[in-house]
Amino acid sequence: MGLPIPLLSLLLALAITPRQTTDSVTTPTYQFIHGNWFDGQGFSRASFFSVNGILTSKRPPKIDKLFDLAGKYILPPYADAHNHSIDGFKRVEERIRKYLTDGVFYVKNPNSIPRYTKGLLGKINISTSVDVIFSNGGLTVSGGHPIELVRRNTGLGIFTEKDAEGGMYYIIDNVTDLDRKWARIIADKPDFIKTYLLYSEEFSKRRDDTAYFGWKGLNPLLLPEIVRRAHHDSLRVSTHIESAKDFHNALVAGVDEINHMPGFRADSASDFSRYEIAEEDAREAGSKGVFVVTTLAGSDVLSATYQEKLDRLHIRNLNILKKYHVRMAIGSDEYRQTSVREAMYLAHLRVFDTAELLRAWCEYTAAAIFPKRKIGRLEEGYEASFVVLSGNPMQDFANTQKIDLRVKQGQIMTIEP
């Protein structure tokens with residue numbers, strides 16, 4: 001058995017950067033003592049072993065190294081259920097490093113271009129990097145979101161025509177389109193299906209009006225059939241929403257995840273009542289186990305008064321979802337940052353106490369991304385993945401970023417500048 005190693009010395013000695021690994025990489029057996037481990041309600045003193053990348057309290061026959069955590073605080077890794085920064089397009093290593101630095105190990109990209117993400121093989125979803133899943137192109141309507149984004153980036157020379165239909169999106173105007181394109185959608189092997197509803201209560205009004213280019217989505221009557229086909233092919237469905245009626249229509253269709261909160265990008269002139277989630281919809285989301293992804297911190301704030309109005313709306317909706325125990329997943333909808341900003345904003349709103357917010361960020365968000373994996377908790381049989389903090393986040397939520405040590409699937413990681 002080795003001797004206790006001070007964390008500072010460990011960080012200086014082990015400079016492991018994100019790199020390609022193979023399945024033959026040996027995972028040492030570690031013991032972690034004198035740590036305060038998050039149990040879902042708070043922190044309690046415990047000791048764990050990491051054996052073959054799995055947490056256990058049972059002593060193995062041989063221990064390669066002992067880590068004295070010296071009273072520090074251990075959390076499961078953070079996650080981001082809506083982020084576009086790891087897309088295979090550019091600056092991949094820089095963005096992976098940013099995620100690991102922030103302690104965010106699990107990422108969901110709900111609209112991506114397969115020909116770029118295929119180049120990420122060997123750079124992600126390994127023990128020394130972040131784990132990411134992709135929807136590939138989203139399903140939308142003619143003239144709907146995100147077609148305007150692709151057109152803009154094509155004009156700037158960032159994207160090409162190959163990145164439009166069949167790349168970043170699929171246009172599904174009717175069942176005939178769905179019949180004709182479904183095999184191709186599935187052939188690209190998406191990890192889940194991304195769909196779009198934008199002010200679906202006005203679908204007929206917006207469908208043929210060019211004034212709403214980029215501000216419309218699928219016919220809500222088509223969404224149940226998309227969900228049926230996706231579930232038949234063992235794929236979960238995530239739906240982008242804007243209004244409270246979109247939230248309702250997504251629930252009626254049977255989606256697994258609602259992406260965004262109503263009003264997440266409401267303009268200052270909006271009638272905010274259209275973004276207020278109905279109590280019966282919150283109740284149904286809770287009873288069905290639907291995940292709701294937040295993405296509230298990225299609004300383009302025009303004034304302090306407007307921000308206060310947004311805050312009140314978000315507090316109102318979060319409280320009603322909390323009342324019915326809806327599983328909240330934290331997502332940033334960022335292209336350069338991680339979910340840290342989103343978590344800090346939610347802490348600022350004070351709807352959730354610290355333990356609830358940590359469960360959302362560490363446990364529920366990880367489950368929204370990888371529902372079949374044993375991650376997001378520090379318990380027997382779960383993956384040995386966690387971050388070690390120098391300060392108690394129950395006293396100051398900003399301590400979630402005072403990370404002294406990162407462990408992923410039993411591998412010790414540090415990040416080079």
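Contact here means heavy atoms within 4.5 Å. I keep that cut-off at the top of the page because I start with a packing question. I am working from a predicted model.

**Entry 1: helix α4**

I looked up what the inner face of α4 rests on. The buried residues of this helix, which spans residues 147–155, are I147, E148, L149, V150 and N153. They pack against two strands, β9 (138–140) and β10 (169–171). I also checked the backbone where the helix stops: just after α4, G157 has a positive phi of about 80°.

**Entry 2: strand β1 and its partners**

Next I went to β1, residues 30–38. Eight of its nine residues are buried, so the strand is largely enclosed by the rest of the structure.

Which strands does β1 pair with? I found β2, in the antiparallel sense over seven bridges. I also found β4 (residues 65–68), which runs parallel to β1 and is joined to it by four bridges. Then there is β5 (residues 73–75), again parallel, with two bridges to β1.

I noted one residue pair for each of these pairings:
- G35 has A46 of β2 as its bridge partner.
- Y30 stands opposite K65 of β4.
- W37 has I74 of β5 as its bridge partner.

The link from β1 to β2 is a hairpin with four residues between the strands, and G40 in that turn takes a positive phi of about 100°.

**Entry 3: F49**

I stayed with β2 (residues 43–51), since F49 sits in it. Is F49 buried or exposed? Its relative accessible area is 5%, and the cut-off for buried is under 20%, so F49 counts as buried.

I then listed what F49 touches, leaving aside neighbours within four places in sequence. Its contacts include Y30 and Q31, and also I54, L55, T56, S57, K58, R59, P60 and I63. Y30 is the residue I had already written down opposite K65 in β4.

For a sense of distance, I took F49 against D177. They are 128 residues apart along the chain, and their C-alpha atoms are separated by 53 Å.

**Entry 4: the β6-β7-β8 sheet**

I moved on to another sheet. Three strands form an open sheet in the order β6-β7-β8, with parallel pairing. The edges are β6 (78–80) and β8 (131–134), each pairing on one side only. From one strand to the next the twist averages 10°.

I looked at one of the pairings in detail. β7 (residues 104–109) joins β8 through four bridges in the parallel sense, and Y106 stands opposite D131 of β8.

Which helices lie across these strands? α2 lies across β6 and β7, at about 130° to β7. α12 lies across β6, β7 and β8, running at about 45° to β6.

**Entry 5: α11 and its neighbours**

Both of those helices turned up again when I checked α11. Its buried residues are V340, E342, A343, Y345, L346 and L349, and they pack against α2 (92–102), α10 and α12 (354–369).

I took the α10 packing further. The axes of α10 (residues 304–323) and α11 (residues 340–349) come within 10 Å and cross at roughly 85°. Angles of 65 to 115 degrees count as roughly perpendicular, so that is the label for this pair. On the α10 side the contact is made by Q307, D311, H314, I315 and L318, and on the α11 side by Y345, L346, H348 and L349. By class I have five nonpolar, three polar and one charged residues in this contact. Y345, L346 and L349 also appear in my list of buried α11 residues.

One backbone note for the end of the helix: R350, just after α11, takes a positive phi of about 60°.

**Entry 6: E334**

Last, I looked at the loop between β15 (327–329) and α11, where E334 lies. At 16% relative accessibility, E334 counts as buried.

What does the side chain of E334 make a polar contact with? The partner is the side chain of R341, at 3.2 Å. Not counting residues up to four places away in sequence, E334 touches H82, N83, H84 and S85 as well as R341.

Key:
Residues numbered from 1 in each chain as written. Predicted model: local features only at pLDDT ≥ 70, side-chain atom pairs only at ≥ 80, totals over all residues. Heavy atoms only, no water. Axes fitted to C-alpha atoms, helices over the stretch in contact; angles between N-to-C directions. Parallel < 35°, antiparallel > 145°, perpendicular 65-115°, else oblique. Nonpolar A, V, L, I, M, F, W, Y, C, P; charged D, E, K, R; others polar. Buried < 20%, exposed > 50% of the residue type's maximum accessible area, 1.4 Å probe, protein only. Polar contact = N/O pair within 3.5 Å; in protein donor to acceptor, adjacent residues only side chain to side chain. Pairing = 2+ DSSP bridges.
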